[in-house]
Each structure stands twice: as structure tokens, then as C-alpha cells.
Amino acid sequence: MKKLIYSLFFFCILITTDSFSANELWRSRISGSWTTPSTWEFSTDGGGVWIIATSTFPDVNSSTTTIRNPNAVTVNNNTPLAIDQFGIENGASLSLGSGSR
């Protein structure tokens, strides 16, 4: 019984935490602002299971980030953003506000 309780506790922490490493994949799930977590979902197992982000968004520490068709993602005015390994699917878009860098 203790093992089951510990396993459930660990699973809940794993699902509810948004502390990510460089090996998770990110993809847009809806159109929206880059810095709105609900725009994104992530996978830590190579794309097998996708989890809706609740408190963070892709950044330079993330692995591959993809904007999916037909989503349109916007980087708002004067928002500094650093990313690595980034792609935009055919039919998707990324809009940069004036002053974004």
C-alpha cells in the first residue's frame, strides 16, 4: 500500500510540475501568444504523451519547438525571446510584434 501511495504521489508531482529540461518537445496546441502557457503542450517522452503547459512556455532551454498547422502564434511587442531548434509547419504562422527581439 505504501508503494502505491508513493507512486501516486510521484506521478502527481510529475504531472503538475512545470520544471522542464532540454529534452522535452514543445508544440503549439492552439493559436495564441507565445508567452501564454495554454498555447503550448509538451512531451518528455519523445512525443508519446503530450501535456498542456500550465505555467511556462518554450524558451532557449527547451528542445525542439514546433508551431503546428493551422496555429498562429504571436510574440507580443517588446517581448525578448530566445529559442533553439524551432520549426513552423506549412500552414502555421509566427507573428512578431514591433520591438520584439
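How many bridges join β1 to β3? In this predicted model, four bridges join the two strands, and the strands run antiparallel. One pairing within this set places L25 opposite S43 of β3 as its bridge partner. The account below begins with the fold as a whole, moves to the sheet that contains β3, and then turns to a glutamate in that strand.

The protein contains one helix and eight strands. Along the sequence, these elements follow the pattern α-β-β-β-β-β-β-β-β. Of the 101 residues in the protein, 26% are buried. The protein exposes about 6300 Å², and carbon and sulfur atoms supply 58% of that area. Among contacts between residues at least 6 apart in sequence, 42% join residues at least 24 apart.

Strands β1 and β3 belong to an open sheet of five strands, arranged in the order β4-β3-β1-β5-β7 with mixed pairing. The edges of this sheet are formed by β4 and β7 (86-88), each of which pairs on one side only. Strands of a sheet pair through backbone hydrogen bonds, either parallel or antiparallel. On the other flank of β3 from β1 in the sheet order lies β4. Strand β4 comprises residues 51-52, and two bridges join β3 to β4 in an antiparallel arrangement. Within β4, I52 is the bridge partner of E41.

In a regular strand the side chains alternate between the two faces of the sheet. In β3, W40 and F42 lie on one side, while E41 and S43 lie on the other. All four of these residues are buried, so that both faces of the strand are covered.

E41 deserves separate attention. This residue lies in strand β3, and E41 counts as buried because its relative accessibility is 11%, below the 20% limit for that class. Leaving aside neighbours within four places in sequence, E41 is in contact with L25, W26, R27, R29, W50, I51, I52, A53 and R68.

Which residues form salt bridges with this buried glutamate, E41? One is R27: the closest N and O atoms of the E41–R27 salt bridge are 2.5 Å apart. E41 lies in strand β3 (residues 40-43) and R27 in strand β1 (residues 25-28), so this pair ties together parts that are 14 residues apart in sequence. The side chains of E41 and R27 are also joined by a polar contact of 2.5 Å.

The other partner is R68, whose side chain meets that of E41 in a salt bridge with an N to O distance of 3.8 Å. R68 lies in the loop between β5 (65-67) and β6 (72-75), whereas E41 lies in β3, so the pair ties together parts that are 27 residues apart in sequence. R68 is partly exposed, with a relative accessible area of 28%. Through salt bridges that share partners, R27, E41 and R68 are joined into one network. By the rule applied here, the count comes to two salt bridges.

Taken together, these details place E41 within β3, where its bridge partner in β4 is I52 and its salt-bridge partners include R27 and R68.

How values were computed. Residues numbered from 1 in each chain as written. Predicted model: local features only at pLDDT ≥ 70, side-chain atom pairs only at ≥ 80, totals over all residues. Heavy atoms only, no water. Salt bridge = Lys/Arg side-chain N within 4 Å of Asp/Glu carboxyl O. Buried < 20%, exposed > 50% of the residue type's maximum accessible area, 1.4 Å probe, protein only. Contact = heavy atoms within 4.5 Å. Areas by Shrake-Rupley, 256 points an atom, 1.4 Å probe, with all protein chains shown as cover. Pairing = 2+ DSSP bridges. Polar contact = N/O pair within 3.5 Å; in protein donor to acceptor, adjacent residues only side chain to side chain.
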